[in-house]
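Me: Please take a close look at the pockets in this one for me. I'd like to know what lines them, and then what the elements around them are up to.

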Amino acid sequence: MPNPEETTEALRVLGQRLTRQLETSMHACTHCGLCNDACHYYVSIREPELVPTYKADRLRNVWKRNHDWLGQIWPWYVGARQLDDEVIRQLWDTAWGSCTMCGRCVFNCPMGVDTRLIISTARAMLNAIGLVPEGLQQTVDVHLKTKNNMGVDDADFRDTIQWLDEQLCDELEVGGPVIPLDKQGVRVMYLVNPREVKFHPLTLMAAAKIMFVAGESWTMSTDYWDVTNYAFFSCDDVAARQIGLWTLEAAAKLGVQEVWMSECGHGYNALRWEAENWLGQPFPFRVRGFVEPMAEYIRDGRILLDPTRNPLPVTYHDPCNQGRKGGILKEPRYILSKAAIDFREMLPNRQNSYCCGGGGGMLSMTEFAQRRIAASKIKAEQVKATEAKIIITSCHNCLDQLTEVSRRYGLGTPVKNLCELVADAIIWPPEP
Ligand code: SF4
Ligand code: SF4
């Protein structure tokens with residue numbers, strides 16, 4: 001547990017992050033409880049410690065003791081607390097283990113309290129004193145060391161891309177390359193999740209097939225190709241900035257106009273909304289998630305789909321970072337309406353969708369795995385109610401979590417990314 005210097009450091013980080021937005025969220029909570037049923041942890045597990053206000057209060061009470069005049073004069077009256085060992089232990093459990101920073105409670109709070117921001121502040125304080133779950137920290141460390149979060153070296157990356165390229169050339173009956181590397185003067189640089197290179201090549205192949213058929217001008221950079229940024233979850237702004245900088249440098253070297261991200265919720269949030277703040281400068285290119293151009297390709301007739309090739313009923317899980325927090329809500333539904341014949345909405349959906357349970361870096365924190373699965377009960381019930389045979393999502397984290405949820409809750413429903421569904425429906429070669 002922290003020594004006095006570490007406590008001082010954690011409080012310094014709290015002071016440093018005390019923006020007007022955070023101050024407002026600390027002040028404004030009326031403890032009305034309207035956000036209780038917004039949280040998948042509380043709805044699924046029903047323990048009072050899991051309601052958003054209770055979780056936020058663990059840091060709010062420390063803030064009162066250090067930054068609120070009433071808390072400094074009469075701490076006992078307002079429940080203000082010193083940042084002692086017990087509070088640090090509680091913050092560890094709350095900030096890392098019982099909040100995915102999904103933002104659903106924020107969306108449901110009439111006072112505009114941003115519990116997600118409070119939790120991310122607690123994470124940053126813990127990070128500053130070295131209290132980060134080992135799996136999450138390792139993911140960030142590997143990323144900083146190797147420029148991707150799974151430690152794929154350059155030779156392995158090139159070999160894998162070449163192999164995938166050959167597979168695609170055979171499938172499409174065309175000459176290569178279908179996946180261009182380091183091509184100067186193209187319009188788009190495409191980033192992928194390292195798990196596509198290592199374990200899940202179908203996603204990358206599907207996206208490459210779609211871009212090839214659409215005649216897109218695109219490439220991948222061998223200098224930098226990782227869409228993820230787990231430092232966003234560990235709330236390490238220095239590491240997050242470095243990861244954003246690598247994207248900026250690779251895109252600038254290729255001279256592209258746009259950077260597109262494979263379907264990755266937190267990667268989208270980090271690069272689209274946060275990275276320019278970390279870097280202190282605007283990007284000289286446009287940042288987009290792959291769902292957006294996919295929808296445009298369909299709308300503009302650049303790819304033609306046959307939805308009967310996806311005959312089974314499908315449902316769609318909105319990734320929190322891309323949907324509620326990123327605003328990409330219409331595009332997936334438009335794509336689903338064109339790529340499958342039987343699309344069934346989960347209820348609730350769009351901005352009000354429940355987190356899959358794997359957000360916030362939770363999949364890398366093995367110490368909280370049991371609670372992560374227990375908190376997904378509501379998601380399993382939502383899926384089951386649709387009677388869909390396939391779950392579609394648009395995020396690798398969600399895909400892994402939903403695959404585990406499907407198995408643990410006996411749903412037997414496979415999970416696919418949206419681009420895989422689209423690739424399966426593509427009419428190629430074009431019919432005369
Ligand atoms: S965070 Fe908002 S909804 Fe939740 S208890 Fe506080 S004021 Fe009510
Ligand atoms: S951000 Fe999401 S997980 Fe965290 S308290 Fe709010 S609803 Fe629950």
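Reply: Helices here are DSSP runs of H or I with at least four residues, strands are runs of E with at least two, and both are numbered from the N terminus. Keep in mind that this is a predicted model.

Let's start with the second largest pocket, which holds about 350 Å³ of space. Its lining is made of 17 residues, and those nearest the centre are T139, N149, M150, Y230 and D400. Two helices, α10 (134-146) and α21 (396-408), each put at least two residues into that lining. The largest share is from α10, with four residues. By type, the lining splits into ten polar, five nonpolar and two charged residues.

While we're on α21, there's a salt bridge between the side chains of E404 and R408, at 3.4 Å from N to O. The two sit four residues apart in α21, so about one helical turn separates them. E404 is buried at 16% relative accessible area, whereas R408 is partly exposed at 49%.

Now for the largest pocket, with a volume of about 610 Å³. It has 23 lining residues, and R17, R116, L117, S120 and E274 are the closest to its centre. The elements giving two or more residues to this lining are α2 (20-28), α9 (115-128), α14 (231-234) and α16 (265-279). Here the split is eight nonpolar, nine polar and six charged.

R17 is worth a second look. Its salt-bridge partner is D237, with the closest N and O atoms 3.0 Å apart. R17 sits in the loop between α1 (4-16) and α2, while D237 is in α15 (237-254), so the bridge ties together parts that lie 220 residues apart in sequence. Both ends are partly exposed, D237 with a relative accessible area of 38% and R17 with 22%.

From the largest pocket, α16 leads on to another helix: α16 is among the elements covering the buried residues of α17 (291-299), along with α13 (201-214), β3 (258-261), β4 (286-289), α18 (330-339) and α22 (418-425). Seven of the nine residues of α17 are buried, namely V291, E292, P293, M294, A295, Y297 and I298. Just past the end of α17, G301 has a positive phi of about 75°.

The cover runs the other way too, since α17 is one of the elements over the buried residues of α22; the others include α13, α18, β5 (314-316), β7 (390-393) and β8 (415-417). In α22, seven of eight residues are buried: L418, C419, E420, L421, V422, A423 and A425.

Back to β3 for a moment. Its E258 forms a salt bridge with R187, the closest N and O atoms being 3.3 Å apart. R187 is in the loop between α11 (154-172) and β1 (188-191), 71 residues away from E258 in the chain. E258 counts as buried at 8% relative accessibility, while R187, at 25%, is partly exposed.

One loose end, away from the pockets: D68, in the loop between α4 (52-67) and α5 (69-73). D68 is buried but has no salt bridge, and the nearest side chain of opposite charge, K64, is 6.7 Å away. Setting aside neighbours within four places in sequence, the contacts of D68 are H27 and W63.

Conventions. Residues are numbered from 1 along each chain as its sequence is written. Chains are lettered from A and ligands numbered from 1 in the order in which they are written. This is a predicted model: local features need pLDDT of at least 70, side-chain atom pairs count only at pLDDT 80 or more; totals for chains, interfaces and linings use all residues. Side-chain values use heavy atoms; hydrogens and water are left out. Buried means under 20% relative accessible area, exposed over 50%, partly exposed in between (1.4 Å probe, protein chains only). Lys and Arg count as positive and Asp and Glu as negative; His and the chain ends are not counted. A salt bridge is a side-chain nitrogen of Lys or Arg within 4 Å of a carboxyl oxygen of Asp or Glu. Contact means heavy atoms within 4.5 Å. On a 1 Å grid over the protein atoms alone, a cavity is a set of points where a 1.4 Å probe fits but cannot get out, and a pocket is an open set with protein on both sides within 12 Å along at least five of seven lines; lining residues have an atom within 4 Å of a point. Grid points are joined across faces, edges and corners, and a volume is the space filled by probe spheres set on the points. Ala, Val, Leu, Ile, Met, Phe, Trp, Tyr, Cys and Pro count as nonpolar, Asp, Glu, Lys and Arg as charged, and the others, Gly among them, as polar.
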